[in-house]
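Dear colleague,

Please find below the structure that I am handing over to you. My findings follow it, grouped by topic.

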Amino acid sequence: MARTVAIPHRALPAWKDYLELTKPRVVLLLLLTALVGMVLASPTWPDAWLLLNGLSGIGLVSAAAAAINHVLDRRIDEQMARTYHRPVARGRVSGPRALAFAGAIAAAGMAQLYFLVNPLTAALTFAAMLGYAVVYTVFLKRATPQNIVIGGLAGAAPPLLGWTAVTGSLHGDAWLLVMIIFTWTPPHFWALAIARRDDYAKANIPMLPVTHGIDFTKTCVLLYTVLLLAVAVLPWLTGMSGLIYLVGSLLLNGWFMVHAARLKWGGDKEQAMKTFKVSIWQLMGLFLVLLLDHGVGL
């Protein structure tokens with residue numbers, strides 16, 4: 001007999017459920033990278049009003065994309081230990097309510113970006129939302145083990161959005177920042193996928209450890225950290241950043257690479273999750289060092 005799980009009934013979902021829909025920790029990391037894009041785009045500190053509207057607009061649209069992801073992935077989330085407790089998967093927030101919430105905050109964010117920042121940033125932010133919530137979630141995630149490589153472009157967009165918010169134009173330096181996050185994304189998610197390999201297999205998601213095995217994925221994680229170290233040096237080579245950034249970048253990327261090597265050759269069963277967590281701190285540190293380097297130069 002199939003076992004059912006009783007879900008406690010509440011008349012209205014708690015505000016914490018709606019906050020969880022927005023994936024706040026992910027959005028905060030995205031906003032840090034957007035902030036760095038805004039600051040590096042200008043020889044002086046950006047206007048505070050523009051900074052406020054740019055970050056809040058990008059944050060609201062990113063939060064909306066996360067909420068849409070909760071709805072579209074609810075069947076997958078129900079089957080995975082890491083995500084089964086999510087508000088939509090557990091029925092604490094219904095799909096229509098989650099979509100209405102996502103629509104409301106997306107509309108608010110888009111209006112803020114279009115009218116108070118500039119149309120280019122609004123258009124690029126909308127494209128990034130579609131890239132994550134539709135192209136990645138609906139198609140790539142379920143279709144190919146390269147899902148996170150291709151789909152990672154949407155998640156790498158925030159520094160470009162921050163840059164265009166200040167300048168109203170695209171610039172090669174902004175694309176360098178995008179390249180850093182784009183290169184960082186595969187080893188970050190593959191480390192998690194190794195740790196949660198059985199969950200992804202149970203949900204029939206073709207993550208790399210499921211389709212090509214854990215050992216092959218460990219090799220890919222290590223090779224991508226080597227590539228990331230090289231890509232992250234580009235801001236210094238092009239003159240966008242100085243020695244403070246170069247030293248910080250080498251140390252932080254070396255730290256990530258050491259953990260990737262331990263994942264490949266070490267015997268610690270917890271190393272995959274350790275590598276995943278290190279990657280988060282490494283990216284945060286990298287963009288803080290970019291900010292520090294730029295601030296010292298002002």
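Leaving aside its neighbours within four places in sequence, with which residues is Ala106 in contact? The residues concerned are Val61, Ala64 and Met129. Please bear in mind throughout that this is a predicted model.

Ala106 and the helices around it

Ala106 belongs to helix H5. Its relative accessibility is 11%, so Ala106 counts as buried, the limit being under 20%. With respect to Leu291, which is 185 residues away along the chain, the separation of the C-alpha atoms is 28 Å.

Two of the helices, H3 and H6, have axes that come within 9 Å and cross at roughly 20°. Because angles under 35 degrees count as roughly parallel, H3 is roughly parallel to H6. The crossing of H3 with H6 is right-handed. On the H3 side, the meeting residues are Ile58, Val61, Ala64, Ala65, Ala66, Ile68, Asn69 and Leu72. On the H6 side, they are Thr125, Met129, Tyr132, Ala133, Thr137, Val138 and Arg142. Sorted by class, this contact comprises eleven nonpolar, three polar and one charged residues. Val61 and Ala64 of H3 and Met129 of H6 take part in this contact, and these residues also touch Ala106.

The nonpolar cores

The largest nonpolar core has 30 residues, and those that touch the most other members are Leu21, Ala64, Ala98, Leu113 and Met129. At least two residues of this core come from each of H1, H2, helix H3 (48–72), helix H5 (95–116), helix H6 (119–143) and H8. The greatest contribution is that of H3, with nine residues.

Leu21 deserves a separate entry. Not counting neighbours within four places in sequence, Leu21 is in contact with Ala63, Ala66, Ala67, His70, Pro87, Val88, Val93, Ala98 and Phe101. Apart from the largest core lies another core of 29 residues, and its members include Val36, Trp184, Met240 and Tyr245.

The pair H8 and H9

The second helix pair to report is helix H8 (residues 158–167) with helix H9 (residues 172–195). Their axes come within 8 Å and cross at roughly 160°. Angles over 145 degrees count as roughly antiparallel, and H8 and H9 are therefore roughly antiparallel to each other. This crossing, too, is right-handed. H8 contributes Pro159, Leu160 and Trp163 to the contact, while H9 contributes Asp173, Ala174, Trp175, Leu177, Val178 and Ile181. By class, the contact holds eight nonpolar, no polar and one charged residues.

Two residues with positive phi

Lys23 and Asn204 are both residues other than glycine with a positive phi: the value is near 50° for Lys23 and near 60° for Asn204. Lys23 sits in the loop between helix H1 (15–21) and helix H2 (24–40). Asn204 sits in the loop between helix H10 (197–202) and helix H11 (208–212). Are these residues buried or exposed? Lys23 has 16% relative accessibility and counts as buried, whereas Asn204, at 65% relative accessibility, counts as exposed. The reason is that buried means under 20% and exposed means over 50%.

Pro145 and Ser249

Pro145 lies in the loop between H6 and helix H7 (147–155). With a relative accessibility of 17%, Pro145 counts as buried. Pro145 and Pro206 are 61 residues apart in sequence, yet their C-alpha atoms are 5.2 Å apart in space. Leaving out residues up to four places away in sequence, Pro145 touches Trp190, Pro206, Met207, Leu208, Thr211 and His212.

Ser249 is placed in helix H14 (residues 243–265). The relative accessible area of Ser249 is 1%, and this residue is buried. Neighbours within four places in sequence aside, Ser249 is in contact with Ala232, Gly254 and Leu286.

With kind regards

Definitions and conventions: Residues are numbered from 1 along each chain as its sequence is written. This is a predicted model: local features need pLDDT of at least 70, side-chain atom pairs count only at pLDDT 80 or more; totals for chains, interfaces and linings use all residues. Side-chain values use heavy atoms; hydrogens and water are left out. Helices (H or I, at least four residues) and strands (E, at least two) are DSSP runs, numbered from the N terminus. Buried means under 20% relative accessible area, exposed over 50%, partly exposed in between (1.4 Å probe, protein chains only). Axes are lines fitted to C-alpha atoms, for helices over the stretch in contact, and angles run from 0 to 180 degrees between N-to-C directions. Angles under 35 degrees count as roughly parallel, over 145 as roughly antiparallel, 65 to 115 as roughly perpendicular and the rest as oblique. A crossing is left-handed if the near helix is turned anticlockwise from the far one by less than a right angle, and right-handed if clockwise. Contact means heavy atoms within 4.5 Å. Ala, Val, Leu, Ile, Met, Phe, Trp, Tyr, Cys and Pro count as nonpolar, Asp, Glu, Lys and Arg as charged, and the others, Gly among them, as polar. A nonpolar core is a set of buried Ala, Val, Leu, Ile, Met, Phe, Trp, Tyr and Cys residues joined through side-chain atoms within 4.5 Å.
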